[in-house]
Amino acid sequence: MNTPSTRARVQAFGGFLTNMVLPNIGAFIAWGLLTALFIPSGWIPNEELAQIVGPAIKFLLPLLLAITGGRMVGGQRGAVMGAIGAIGLIVGSDIPMFLGAMVIGPLGGLVIKKFDKLIENRIPAGFEMIVNNFSLGILGFLLMILSFYFIGPTIESANNLVTSAIEALVATGLLPLLSLINEPAKVLFLNNVIDQGIYYPLGMQAAAETGKSIYFTVASNPGPGLGLLLAFTFFGKKTARRTAPGAMIIHFFGGIHELYFPYVLMKPLTIIGMIAGGASGIAVFSLFDAGLVAGPSPGSIFAYLGLTPKGSFIGIISGVLVATVVTFLVTAFILKLDKSSEDEDISDSVEKSKAMKQAGKKPSTSSQKQKDQEINTISFACDAGAGSSAMGATTFRKKLQKNDIEGMEVKHYRIEEAPEHSDIIVVHEDLQERARRAHPDKEIIAISNYLNDPALEELMDRLQKK
């Protein structure tokens, strides 16, 4: 049995964090709008409505995270355990406990899940309800006390350490250096780890004090991706030039940043342009003291403008534009110097084919058996199950309709949540190891481009022949 790589493990961890945050993004945006409108420095200050801001960030948002995390691990009982544990953190700390909630929620779910497993088939008939209720109450009580006295202070200390480190970067003007970490991490599908795990919690704390935070912008700026895709549109070779405009529209307006990752992976030197653009954008945001009121999810320009508070529009728009221009210029220079042939430009397709062949080598079934099986359900999967996979599923469904292929179920999921009845699971090639780990007995098709990929064309040919 193959041991998953470190990157696959980190990707899975980032996906777990995302799935705690993503269902609650609406609540975060609601709080952001409340802050932008009604605090004293907001658009329409309202002293009465502004009273909701504090309790919402201190209680509502952390509890939602803890409940979601607990439910992901331990079902409804896990959700209750997560909430009980989180209240101990919240009351015992002086800062909004987002990081704490993202720890205590899954921990509470794990505790009750292990306990339920331990007593399974050992409860006398008729005593199920009393055992279930009292076990949840007693374990929740203990977790709440533990959270108040030990877990909360520990997480608060760690949070303060991270905050101090990043504030030091802000104070010294070195915050743009974060792009050296952010941009490579994003194209390796580790963006959710840094965004959901670090920047968004810190951003919420800062926004609670000042009504905005630059931390929401340091990894989510759509400008660098736009600049990269513009450069490929004008200076890329035939395949990239043809596909980049469509990817650019969906990236910038739809907020699905995963679309530009394959272009960077195809020409790794272009990561220099991404870093330069990201750093330039952060520098401009810092210069104008600009920020957002909540995390933009998805990272669309519409989300950016919708979450920009009073007084920050010039800074936010300037930061996005500068990041776009700098990335475009650097990437265009790199592409102009590139003397490789078109054959080298599509080498990703060759590698993809090799990956597909490797993907067929599963312990429980042969690739030929999978090829011959009846295909009724195709699941597009990605890190969070709500961005690139949704777009891929929608695009493929339209192609099925165009080719008069009916009766095919095509939906999108988070990788670990793709259903067992899936006949084929389609993922980006950088996520195939994680997909194979989660679904070792399924046929995995790895792609490098969600809009126009040879592997999807081959799949369409298979469906037409059946």
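Begin by selecting helix 2, residues 25-38. At 1.5 Å a residue, its 14 residues should span 20 Å, and the end C-alpha atoms are 20 Å apart, which agrees. The model on display is a predicted one. Keep helix 2 selected and colour it by burial: the buried residues in this helix are I25, A27, F28, W31, G32, L34, T35, A36 and F38.

**Salt bridges**

Turn next to the charged side chains, among which the structure holds 7 salt bridges.

Select E183 and K186. These two residues form a salt bridge whose closest N and O atoms are 3.4 Å apart. Both belong to helix 6, residues 179-187, where a separation of 3 residues corresponds to about one turn of the helix. Despite their charged side chains, E183 and K186 are both buried.

Now select D289 together with K212. A salt bridge joins D289 to K212, with 3.8 Å between the closest N and O atoms. This pair links distant parts of the chain, 77 residues apart: D289 sits in the loop between helix 11 (271-287) and helix 12 (301-306), while K212 sits in the loop between helix 7 (191-210) and helix 8 (223-235). D289 has a relative accessibility of 53% and therefore counts as exposed, since the threshold for that class is over 50%.

Move on to R462 and E443. Their salt bridge brings the closest N and O atoms to 2.9 Å. Because R462 lies in helix 19 (residues 454-465) and E443 in strand 4 (residues 443-447), the pair ties together parts that are 19 residues apart in sequence. R462 and E443 are both buried. For the last stop among the charged groups, select R414, E416, E417 and R434, which are joined into one network by salt bridges that share partners.

**Aromatic rings**

Switch the display to the rings of the aromatic residues; the count comes to 11 aromatic pairs.

Select F235 and F328. They form a tilted aromatic pair, with 6.2 Å from centre to centre and 45° between the planes. F235 is in helix 8 and F328 is in helix 13 (residues 313-337), so that distant parts of the chain, 93 residues apart, are linked by this pair. F235 counts as partly exposed because its relative accessibility is 31%. F328 is likewise partly exposed, at a relative accessible area of 22%.

Select F253 and F302 next. The ring centres of F253 and F302 are 5.6 Å apart and the planes meet at 35°, so this pair is tilted. F253 belongs to helix 9 (residues 238-254) and F302 to helix 12, so the contact ties together parts that are 49 residues apart in sequence. With a relative accessibility of 41%, F253 counts as partly exposed, whereas F302, at 54%, counts as exposed.

Return to F235 and F328 and add F234 to the selection: F234, F235 and F328 form one aromatic cluster.

**A charge over a ring**

Finish by selecting K58 and F59. K58 lies over the face of F59, at 6.0 Å from the ring centre.

How values were computed
Residues numbered from 1 in each chain as written. Predicted model: local features only at pLDDT ≥ 70, side-chain atom pairs only at ≥ 80, totals over all residues. Heavy atoms only, no water. Helix = DSSP H or I, 4+ residues; strand = E, 2+ residues; numbered from the N terminus. Expected span 1.5 Å × (residues − 1). Buried < 20%, exposed > 50% of the residue type's maximum accessible area, 1.4 Å probe, protein only. Salt bridge = Lys/Arg side-chain N within 4 Å of Asp/Glu carboxyl O. Phe/Tyr/Trp six-rings, centres within 6.5 Å; stacked < 30°, edge-to-face > 60°. Lys NZ or Arg CZ within 6 Å of the ring centre and 35° of its normal.
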